[in-house]
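Colleague: I have a helical model open and would like to learn how to read it. Could we take it one feature at a time?

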Amino acid sequence: MSQVRQPRRVQARDGELGAAVARAQDGDEAAFAIAYRIVQPALLGYLRGIVGDDAEDVASDTWLEIARDLGRFRGDGAGFRGWTATIARHRALDHLRRRRVRPRTGGTEQDVLDLPGPHSTHDQALESLSTERALELVRGLPRDQAEAVLLRVVVGLDGPAAARVLGKRPGAVRTAAHRGLKRLARQWGARAEAEEGVTDGAHRTLGKST
């Protein structure tokens, strides 16, 4: 089984993030803003994959808790991403319980994943999954697969860190993420073939009319 690797752009900023968090814990508000800018896009993507359009509100609650408890955090940049993801997940689940709804599934045609074709590399697939348009289709996955993909690919956590957020064994999270990615690739492949068929049919029709 192939392993899910962290997006390179996330790993590259862990050093900067860790330094910013350390300064923020000493009261540097500008450093906290830097940490926010680094973490927020992925955190918001993760929340959108769970609560949909309510992600902004849940993210606001999450950052209030992060700011309140920042002094308790111990760790580096990668650890901070895991810590903030755990807080975000708790706030998202609380939100869903209050709303008495399940995580949204499905999506509209314009929100379909912009995934690469079946011959693209594994890294390209992961990079595409971190885009905004990916989240609607990810929500259609089984819950364990959706969260594993979101944490591994969108938030950029490694297997053990994602497992800690979910309260599961690393092997179970790796398996769920692998299955989720395979399912997404199959869905996208089937959709691409269907769209190609429609396009070819339209071209043949137009050719006959000229």
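Modeller: Start with F80 and W83, which both lie in helix α5, 3 residues apart, about one turn of the helix. Helices here are DSSP runs of H or I with at least four residues, numbered from the N terminus. Bear in mind that this is a predicted model, where local features need pLDDT of at least 70, side-chain atom pairs count only at pLDDT 80 or more, and totals for chains, interfaces and linings use all residues. Residues are numbered from 1 along each chain as its sequence is written, and side-chain values use heavy atoms, leaving out hydrogens and water.

Colleague: How many aromatic pairs does the structure hold?

Modeller: Rings of Phe, Tyr and Trp (its six-membered ring) pair if their centres lie within 6.5 Å; planes under 30 degrees apart are stacked, over 60 edge-to-face, and the rest tilted. The structure holds 5 such pairs. One of them joins F32 and W63, edge-to-face, at 5.8 Å centre to centre with 90° between the planes. F32 lies in helix α3 (residues 29-51) and W63 in helix α4 (residues 55-69), so the pair ties together parts 31 residues apart in sequence. F80 and W83 form a tilted pair, 5.8 Å centre to centre with 45° between the planes. There is also an aromatic cluster, formed by F32, Y36 and W63.

Colleague: Is W63 buried or exposed?

Modeller: Buried means under 20% relative accessible area, exposed over 50%, and partly exposed in between (1.4 Å probe, protein chains only). W63 is buried, at 8%, while its partner F32 is partly exposed at 23%. In the other pair, F80 is buried at 1% and W83 is partly exposed at 22%.

Colleague: How do I read two helices that meet, such as α2 and α5?

Modeller: Fit an axis to the C-alpha atoms of each helix over the stretch in contact, and take the angle, from 0 to 180 degrees, between N-to-C directions. The axes of α2 (residues 14-25) and α5 (residues 77-99) come within 7 Å and cross at roughly 75°. The two are therefore roughly perpendicular (65 to 115 degrees; under 35 is roughly parallel, over 145 roughly antiparallel, the rest oblique). The contact (heavy atoms within 4.5 Å) involves D14, L17, G18 and V21 of α2 and G77, A78, F80 and R81 of α5.

Colleague: How many residues of helix α8 are buried?

Modeller: In α8 (residues 143-155), 11 of the 13 residues are buried, so this helix is largely enclosed by the rest of the structure. Among them are Q145, E147 and R152. After α8 comes G156, with a positive phi near 85°.
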